[in-house]
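The following note sets out points on the pockets, the RNA contacts and the salt bridges of the structure shown here. They are numbered for ease of reply.

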Amino acid sequence: MNNYRMTPILKLNDNFEVSMNKIRLRFAPSPTGYLHIGGARTALFNWLLAKKLKGVFILRIEDTDVARSTQESVDAILQGMEWLGLDWDEGPFYQSDNFPLYKEYVQKLLDEGKAYRCYCTAEELEAKRERAMKEGRKPKYDGTCRNLTVADAGRPSVVRFRAPEEGVTAFNDLIKGPISFNNEELDDLIIERSDGTPTYNFVVVIDDASMGISMVIRGDDHINNTPRQILLYEALGKAVPQFAHVPMILGSDKTRLSKRHGATSVMAYRDMGFLPEAMVNYLVRLGWSFGDEEIFSREDLIEKFSIEAVGKSAGVFNPDKLLWLNAHYIKNGDPERLAGLLVPFLNERGVDPDAGPSLPAVVKTLQERARTMIEMADGALFYFREDYEFDEAAAEKFLTPESSILLAELKIRLSALESFDAETIGAAFKQLCTDMGVKLPQVAQPARVALTGKTAAPGIFEVVETLGKKVTLTRLDRAVAVAKNLPVH
RNA sequence: GGUCCCAUCGUCUAGUGGUUAGGACACCGGCCUUUCACGUCGGUAACAGGGGUUCAAGUCCCCUUGGGAUCACCA
């Protein structure tokens with residue numbers, strides 16, 4: 001156990017402690033793709049804990065794999081973080097900027113005899129590994145070069161860390177609990193490639209140590225790397241951080257979440273009309289809970305989140321629940337803000353958002369019937385198109401000669417209204433029903449088809465109000481003309 | 001195959017020895033209603049299996065089974 005040198009736990013009501021021991025957390029994605037669901041959740045957990053404990057959140061780009069890292073990926077990750085509202089206090093730092101530092105530490109380990117040069121070729125190693133696997137033995141490095149006494153500067157070589165051959169390496173994972181490994185299971189990992197670049201397990205340790213990271217929250221696929229890293233911290237004489245390994249996210253078939261299960265990029269969800277607060281709320285609840293609560297504002301989360309309450313087991317990504325949360329946030333969102341978010345979706349549909357009713361007013365009528373901004377945009381189309389088609393079945397049922405009489409009368413009454421708010425409009429509808437001896441649906445449905453072209457739409461009084469008097473009357477005229485020409489049945 | 005991790009409704013989860021095993025999504029039904037939704041009320045549905053420990057086990061221990069991760073000159 002490494003508890004004896006645990007980072008001091010933050011005491012919130014002890015200002016001295018806080019200033020002396022600010023917890024330092026980091027998110028360290030490798031820029032080989034966009035920010036995906038799993039990474040976003042890891043970033044979120046780090047961010048939340050940093051906020052909660054008034055610590056420091058650092059963004060570090062792990063681009064030691066020069067071949068696979070791209071600037072586009074860096075930009076995509078940054079964009080994803082920004083969309084989710086996960087800001088960082090320090091960084092972004094790039095590992096590729098630290099190559100000299102890594103070099104220095106490799107040399108230090110070499111000088112101290114804690115690392116050695118290995119001249120085995122990749123091919124030889126691969127062959128040995130395959131043979132070991134086939135014979136059912138551990139495919140670990142056999143130590144061929146471990147005790148070489150003379151260096152051969154001429155031959156290409158890698159640098160290996162000299163790991164202890166016995167003993168136990170253990171740590172107390174904040175999520176999983178105590179985890180331990182027999183050192184004999186670990187082999188001498190390569191810390192510097194033959195081309196002189198450092199490898200991941202070495203670089204993370206140097207970076208986390210030099211950045212003073214006190215707690216590492218990352219995916220549980222790193223559990224098996226942890227003992228090697230701890231050994232490196234020890235060899236380097238650095239303090240070992242605390243670890244918290246978050247379980248991974250699965251697809252509906254319980255295999256690792258991938259494109260097969262749908263979108264995995266967080267930005268794809270923005271494009272599908274999801275709100276960032278819904279995404280944050282969903283992601284945090286996938287693996288973490290706080291009693292029976294489901295809805296959490298950002299402030300709630302900062303107050304209530306704790307890493308110890310994160311569950312140990314992998315979770316299935318459930319798009320339905322995300323959708324439900326999104327619907328919730330749309331329903332309760334500020335119409336002005338939603339209107340702004342809706343614009344690109346309307347543009348995509350060839351609609352000019354300025355050439356129609358006030359957007360916030362449109363949004364208000366759609367908030368409780370749209371689960372995504374796409375649904376909202378689709379539902380809003382009729383407000384902006386004067387040439388809308390009448391749904392065939394709807395027209396046949398509701399735009400009849402009989403209803404044309406009601407619609408014509410409705411037009412007269414609406415045109416006479418002084419104020420044009422939903423309440424007044426509703427009263428006019430009801431008065432019309434009374435006077436003509438019909439039920440409200442007998443007027444409301446034809447009116448709905450007349451004004452929207454469909455049978456499914458927001459409340460008819462709101463639609464009339466939102467459309468405004470002029471447009472309403474024009475549309476009513478058009479519908480009456482159609483209704484008169486449809487056959488009686 | 002070695003090592004490591006995990007295991008409560010279909011899914012996300014509450015539960016820290018004594019509960020009619022709770023909530024949420026989804027699903028089904030009632031109500032509300034100008035359509036569609038929203039809302040609301042109710043329902044179906046779970047402790048993987050086997051051994052222990054204990055007066056008492058979803059909760060503690062062991063085994064089995066099942067799932068997953070990892071074993072690179074990727075990160």
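1. Buried residues have under 20% relative accessible area, exposed residues have over 50%, and partly exposed residues fall in between. Lys103, with a relative accessible area of 42%, is therefore partly exposed. The model is a predicted one, and every value below should be read accordingly.

2. Lys103 forms a salt bridge with Glu192, with 3.5 Å between the closest N and O atoms. Because Lys103 belongs to helix H4 (residues 99-111) and Glu192 to strand E8 (residues 190-192), the pair ties together parts that are 89 residues apart in sequence. Glu192 has a relative accessible area of 6% and is therefore buried, whereas its partner Lys103 is partly exposed.

3. The whole structure contains 30 salt bridges. One of them joins the side chains of Lys108 and Glu112, at 3.7 Å from N to O. Lys108 is partly exposed at a relative accessible area of 32%, and Glu112 is partly exposed at 39%. Arg260 and Asp253 also meet through their side chains in a salt bridge, at 3.5 Å from N to O. In that pair Arg260 is exposed, at 61%, while Asp253 is partly exposed, at 39%. In addition, a network of salt bridges links Arg26, Arg60, Glu62, Asp207 and Asp208.

4. The largest pocket holds about 1100 Å³ of space. Its lining comprises 38 residues, and those nearest the centre are Ser30, His36, Gly39, Asp221 and Arg256. Strand E1 (24-27), helix H2 (37-52) and strand E9 (215-219) are the elements that give two or more residues to this lining. H2 gives the most, with 5 residues. Sorted by class, the lining has 14 nonpolar, 13 polar and 11 charged residues.

5. The second largest pocket has about 710 Å³ of space. It is lined by 29 residues, with Thr121, Leu125, Arg129, Tyr141 and Arg160 nearest its centre. Helix H5 (122-134) and strand E5 (158-161) each supply at least two lining residues; the largest share, 7 residues, comes from H5. By class, this lining consists of 12 nonpolar, 3 polar and 14 charged residues.

6. Around RNA strand B there are 64 residues, of which Arg129, Arg193, Arg369, Arg448 and Ala457 come nearest. Arg129 also appears among the residues nearest the centre of the second largest pocket. The surface near RNA strand B has 24 nonpolar, 19 polar and 21 charged residues. H18 contributes the most to this surface, with 5 residues; among the elements that each supply at least two are H5, strand E7 (177-182) and helix H6 (200-210).

7. Which parts of the RNA are approached? Of the atoms of RNA strand B within 4 Å of the protein, 68% belong to sugar or phosphate, and the rest belong to bases. A backbone N or O atom of Tyr200 lies 3.1 Å from a phosphate oxygen of the strand. Two side chains approach bases: an N or O atom of Asp292 is 3.0 Å from a base nitrogen, and a polar atom of Arg448 is 2.3 Å from a base oxygen.

8. Is Val150, in the loop between H5 and E5, buried or exposed? Its relative accessibility is 64%, so Val150 counts as exposed. The C-alpha atoms of Val150 and Ala263 are separated by 54 Å, the two residues being 113 residues apart along the chain.

Key. Residues are numbered from 1 along each chain as its sequence is written. Chains are lettered from A and ligands numbered from 1 in the order in which they are written. This is a predicted model: local features need pLDDT of at least 70, side-chain atom pairs count only at pLDDT 80 or more; totals for chains, interfaces and linings use all residues. Side-chain values use heavy atoms; hydrogens and water are left out. On a 1 Å grid over the protein atoms alone, a cavity is a set of points where a 1.4 Å probe fits but cannot get out, and a pocket is an open set with protein on both sides within 12 Å along at least five of seven lines; lining residues have an atom within 4 Å of a point. Grid points are joined across faces, edges and corners, and a volume is the space filled by probe spheres set on the points. Helices (H or I, at least four residues) and strands (E, at least two) are DSSP runs, numbered from the N terminus. Ala, Val, Leu, Ile, Met, Phe, Trp, Tyr, Cys and Pro count as nonpolar, Asp, Glu, Lys and Arg as charged, and the others, Gly among them, as polar. A residue is near a molecule or strand if one of its heavy atoms lies within 4 Å of it. A polar contact is a pair of N or O atoms within 3.5 Å; within protein, one must be able to donate a hydrogen and the other to accept it, and residues adjacent in sequence count only if both atoms are side-chain atoms. Buried means under 20% relative accessible area, exposed over 50%, partly exposed in between (1.4 Å probe, protein chains only). A salt bridge is a side-chain nitrogen of Lys or Arg within 4 Å of a carboxyl oxygen of Asp or Glu.
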